[in-house]
Amino acid sequence: MASSVKSVVPAADLQSFTEYLAGCKRIVALLGAGISASSGLPTFRGAGGLWRSHDATSLATPEAFDETPGLVWQFYSYRRHMALQAGPNKAHYALAELSRRNEDFITLSQNVDGLSQRANHPSKQLYLLHGTLFTVKCTNFYCNYSEDNYTDPIVPALEIPKKSSGLNPSATDKTGKEASKAITEALDETSTEVDISDASNPIATVNTKDLPQCPECKDGLLRPGVVWFGEPLPEKTLKAVDKWIAAGPIDLCLVIGTSARIWPAAGYVHEARSQGARVAVCNMDPNDTPGELHYGDWFFQGDAGVIVPEILKSVIGEI
């Protein structure tokens, strides 16, 4: 459903931001699910965050994977499929371009959808705080196998089923015209995927042996390379971000598609401020801000896919 919020940057705000941006060197961007909403991706978080009859967050745990690996993989395979059906929007491309033009710009993403990567965002300036759907890793404690994998479906058993009502040729027409029509309609219908996120559509139980298996140890199941509830964030990533933040003054903190009120996001905004940064927020809801905005900060209300390229245009050009 399209939003009624107009994604128009007030001229005075755009001018003051553009003037400030011209003098910025060290910039950090913090991304949340709102930047991918412009690409049409569901978030599965917050109110209504159900997948079939399950609270989607209840599937994002090591315990759920241990108990029902087939169901958890169906959920994540669906998310992988949806992410691959979508594409990066202009906000992803704008941030990727800013990275190429400014080596002192880093992006901290809370998203697992792979859209920043597919926008060719320089990997050395992109930190994935929650991992990604498109890394898979072995669950065997003694195996460190991990790989990037964009195959959809990752295994045949996880393919999204197709709708088909079968053939219904006419019982009276003998010319073949009605039969041809029935075949055409049936073929058209088989190209339509079943919405397996809807609990009213039955799905088959997937056996563990048909789930992604580790090709290295031959013993462990592969799992999505995302950070589940109850798991620590990637230590190497956190250390690299902390080192960058501590390296000196920060001029600007961009907060895009997230309220940044939960750790570590909230902490990064606070740290950026302590290093001198002004904050610019881009969100649909004016209440989605990382605490109280300070004098000299900006709030741009609307679609990130429209606003982010607009406010960065003076530096990156037209996207």
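A residue counts as buried when its relative accessible area is under 20%, as exposed when that area is over 50%, and as partly exposed in between. Keep that in mind as we walk through this structure, which is a predicted model.

Let's start with F300. Its relative accessible area is 2%, so F300 is buried. F17 goes down to 0% relative accessibility and therefore counts as buried too. These two residues meet as an aromatic pair: their ring centres sit 5.6 Å apart with the planes at 85°, so the pair is edge-to-face. In sequence they are distant, since F17 belongs to helix α1 (residues 11–21) and F300 to strand β11 (residues 298–301), 283 residues apart.

There's another contact between that helix and that strand. Y20 in helix α1 pairs with W298 in strand β11, so parts 278 residues apart in sequence are tied together. Here the ring centres are 5.6 Å apart and the planes make an angle of 45°, so this pair is tilted. What about burial? W298 is buried at a relative accessible area of 4%, whereas Y20, at 22%, is partly exposed.

Zooming out, the whole structure holds 10 aromatic pairs. Ring pairs also join W51, F65, F75, Y76, Y78 and W228 into a cluster.

Some of those names come back in the largest nonpolar core. This core has 35 residues, and the ones touching the most other members are W51, W73, Y76, L158 and W228. Elements giving two or more residues to the core are α3 (62–67), α4 (69–85), β6 and β8. Of these, α4 supplies the largest share, with six residues. A second core, separate from this one, has 27 residues, and W298 is among them, along with A91, I256 and C282.

Now for some empty space: the second largest pocket encloses about 720 Å³. Its lining is made of 25 residues, with G131, K137, G225, P234 and T237 nearest the centre. Two or more lining residues come from each of β5 (126–128), β6 (131–138), β7 (146–148), β8 (222–226) and α8 (235–246). Which element gives the most to this lining? That would be β6, with five residues.

Chemically, the lining is a mix: 10 nonpolar residues, nine polar and six charged. Both domains take part as well, because at least three lining residues come from each of domain 1 (9–40 + 88–130 + 233–318) and domain 2 (42–85 + 131–167 + 176–226).

Definitions and conventions. Residues are numbered from 1 along each chain as its sequence is written. This is a predicted model: local features need pLDDT of at least 70, side-chain atom pairs count only at pLDDT 80 or more; totals for chains, interfaces and linings use all residues. Side-chain values use heavy atoms; hydrogens and water are left out. On a 1 Å grid over the protein atoms alone, a cavity is a set of points where a 1.4 Å probe fits but cannot get out, and a pocket is an open set with protein on both sides within 12 Å along at least five of seven lines; lining residues have an atom within 4 Å of a point. Grid points are joined across faces, edges and corners, and a volume is the space filled by probe spheres set on the points. Helices (H or I, at least four residues) and strands (E, at least two) are DSSP runs, numbered from the N terminus. Ala, Val, Leu, Ile, Met, Phe, Trp, Tyr, Cys and Pro count as nonpolar, Asp, Glu, Lys and Arg as charged, and the others, Gly among them, as polar. A nonpolar core is a set of buried Ala, Val, Leu, Ile, Met, Phe, Trp, Tyr and Cys residues joined through side-chain atoms within 4.5 Å. Buried means under 20% relative accessible area, exposed over 50%, partly exposed in between (1.4 Å probe, protein chains only). Rings of Phe, Tyr and Trp (its six-membered ring) pair if their centres lie within 6.5 Å; planes under 30 degrees apart count as stacked, over 60 as edge-to-face and the rest as tilted.
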